[in-house]
Amino acid sequence: MQKLVLFIVIISLCACKPEVEKTEIPVLGTNKESSLQNVWIDSLTGHKIEKIVNLPGDNRSFYFHNNPFLKSKDGKNALMIFSNRQDEDDQYYSVNLETKEVDQITSKKGSKKGEIVGPKTRKIFYMVKDSVFSTHIDTHETEFLYKFSDDVIGSITTLNADETLLGGALITKEENEIFKKNPKKTSYFDKIYDAKLERSLILLNVETKELKNIYSENAWLNHIQFSPTDANNLMYCHEGPWHKVDRIWNIDITTSETQIMHKRTIDREIAGHEFFSPDGKTIWYDLQMPRSVTFYLTGKNVETGEDTRYGLKRNEWSIHYNISPDQKFFAGDGGDPGQVARAKDGRYIYHFTPKGDSLVSTKLVDMKNHDYDLEPNVHFTPKGDKILFRANFEGTTQIYTVDIKK
């Protein structure tokens, strides 16, 4: 009898417990209206999208091969560094990917460029006009590093694996005038290539502030990236019309010895938008043999020279690809019909799974309301469960993540 009474009491208590209200995520087409929800399910793909920053103005995630991530100060969560632009002023911020807490890092007025994060030193490196600065991500303490002289135009774009050297380029004032007179890529791209003006690869020591020229050539040296694991390996490209250049090169910064990483073998073959794997062992790149006809994502082993090649369909081609932290999957940001692939239905954020010699695609985000003049520049988040991208379908540039699993 006592057990029966106890059972009835327990049932009564459970029945009286108020129900927890469940908030349903709206299912919407991805466009200006859906982004006002901050979180929604893409009605075409079924995947959850979240706007992760709500600052006024334009919010931009980093270029696809620039790492924006590091651990939070307490080591519990991941931070992402991004830039916010209001009027003519750029500032760098961090956002905690779990709590969505935002922290302003820089405060110096003016337009900034650089997008370089040092996760070990917990600093960001950037330029304001002709000067290089670093700012500590936690303390916000800013240090002046270097000012380029008036007779040269310099830039820094990458940081080596032990975070002691910044890499970049010196260009001539003549080349800079071509950029000024032809601000659109369609105007300056061939002109810079045809000019064959001297460019130099440079290193800036972040401790001693010493600047060193390590290599010069009458060519458009660009897309400069340090290996994430080998502090002495610097990748650069011969920029220009891709079907005219053997683009991808490495240089040993201790010897200035250069090595071509992919040499074209057929007419109108192109290779580009190269990036390192997280372990530094492979350089991945978009390969088309020939251009606009047959599409591959190809990896070149830095030590052996061995190729790994995955085929893609035309609509799956992406402006940029990226690789997951565990190196098992890839992501792509798609492209509109005006891009090199001429894809009629390629405006998606993609997740790719290797299968044999091909990539199997999953559409994550419908990007038909995005203007591809802004490149989405996909990144896997550190946990590998989401893909981060930027888009302008709400009228301004904003940052989003999409869940890989439905």
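Two strands count as paired if DSSP finds at least two bridges between them. The model shown in these views is predicted.

**View 1. Strands E27 and E28 form an antiparallel hairpin.**
Strand E27 covers residues 348-355 and strand E28 covers residues 358-366. Eight bridges join the two strands in the antiparallel sense. Pro-354 stands opposite Leu-359, a residue of E28. Two residues lie between the strands of this hairpin. In the hairpin, Gly-356 has a positive phi, near 65°.

**View 2. Six strands make up an open sheet with mixed pairing.**
The order of the strands in the sheet is E1-E2-E3-E31-E30-E29. Its edge strands are E1 (27-28) and E29 (379-380), each of which pairs on one side only. Strands of a sheet pair through backbone hydrogen bonds, either parallel or antiparallel. Strand E30 (residues 386-391) and strand E31 (residues 398-403) run antiparallel and are joined by six bridges. Ala-391 has Gln-398 in E31 as its bridge partner.

**View 3. The annotated domain covers residues 40-404.**
In an unreviewed entry, UniProt gives this range the annotation "domain: Oligogalacturonate lyase". Over residues 40-404 the chain is 47% strand and 5% helix. The C-alpha atoms at the two ends of this range are 14 Å apart.

**View 4. The buried residues of helix H4 lie on the same side of the helix.**
Helix H4 spans residues 185-195, and its buried residues are Tyr-188, Phe-189, Ile-192 and Tyr-193. These residues are on the same side of H4 because they cover an arc of only 125° around the axis. H3 is included in what covers the buried residues of H4. After H4 comes Lys-196, which has a positive phi near 50°.

**View 5. Lys-180 and Glu-177 form a salt bridge within helix H3.**
The N to O distance of this salt bridge is 3.8 Å. Helix H3 covers residues 173-181. Lys-180 and Glu-177 are three residues apart in H3, so about one helical turn separates them. Lys-180 counts as exposed because its relative accessibility is 56%, and exposed means over 50%. Glu-177, at 35% relative accessibility, counts as partly exposed.

**View 6. A salt bridge joins Lys-123 in strand E10 to Glu-143 in strand E12.**
The closest N and O atoms of Lys-123 and Glu-143 are 4.0 Å apart. This pair links distant parts of the chain, with the two residues 20 residues apart. Strand E10 holds residues 123-128, and strand E12 holds residues 142-147. Lys-123 is partly exposed, at a relative accessible area of 23%. Glu-143 is also partly exposed, and its relative accessible area is 31%.

**View 7. Glu-239 and Arg-247 form a salt bridge.**
The closest N and O atoms of this pair are 2.6 Å apart. Buried means under 20% relative accessible area. Glu-239 counts as buried because its relative accessibility is 8%. Arg-247 likewise counts as buried, at 3% relative accessibility. Elsewhere, Lys-48, Lys-386 and Asp-403 are joined into one network by salt bridges that share partners. Over the whole structure, a search finds 23 salt bridges.

Notes:
Residues are numbered from 1 along each chain as its sequence is written. This is a predicted model: local features need pLDDT of at least 70, side-chain atom pairs count only at pLDDT 80 or more; totals for chains, interfaces and linings use all residues. Side-chain values use heavy atoms; hydrogens and water are left out. Helices (H or I, at least four residues) and strands (E, at least two) are DSSP runs, numbered from the N terminus. UniProt positions are given in the numbering used here, feature names are shortened, and annotations may be inferred rather than shown by experiment. A salt bridge is a side-chain nitrogen of Lys or Arg within 4 Å of a carboxyl oxygen of Asp or Glu. Buried means under 20% relative accessible area, exposed over 50%, partly exposed in between (1.4 Å probe, protein chains only). The arc is that of the directions from the helix axis to the C-beta atoms. Contact means heavy atoms within 4.5 Å.
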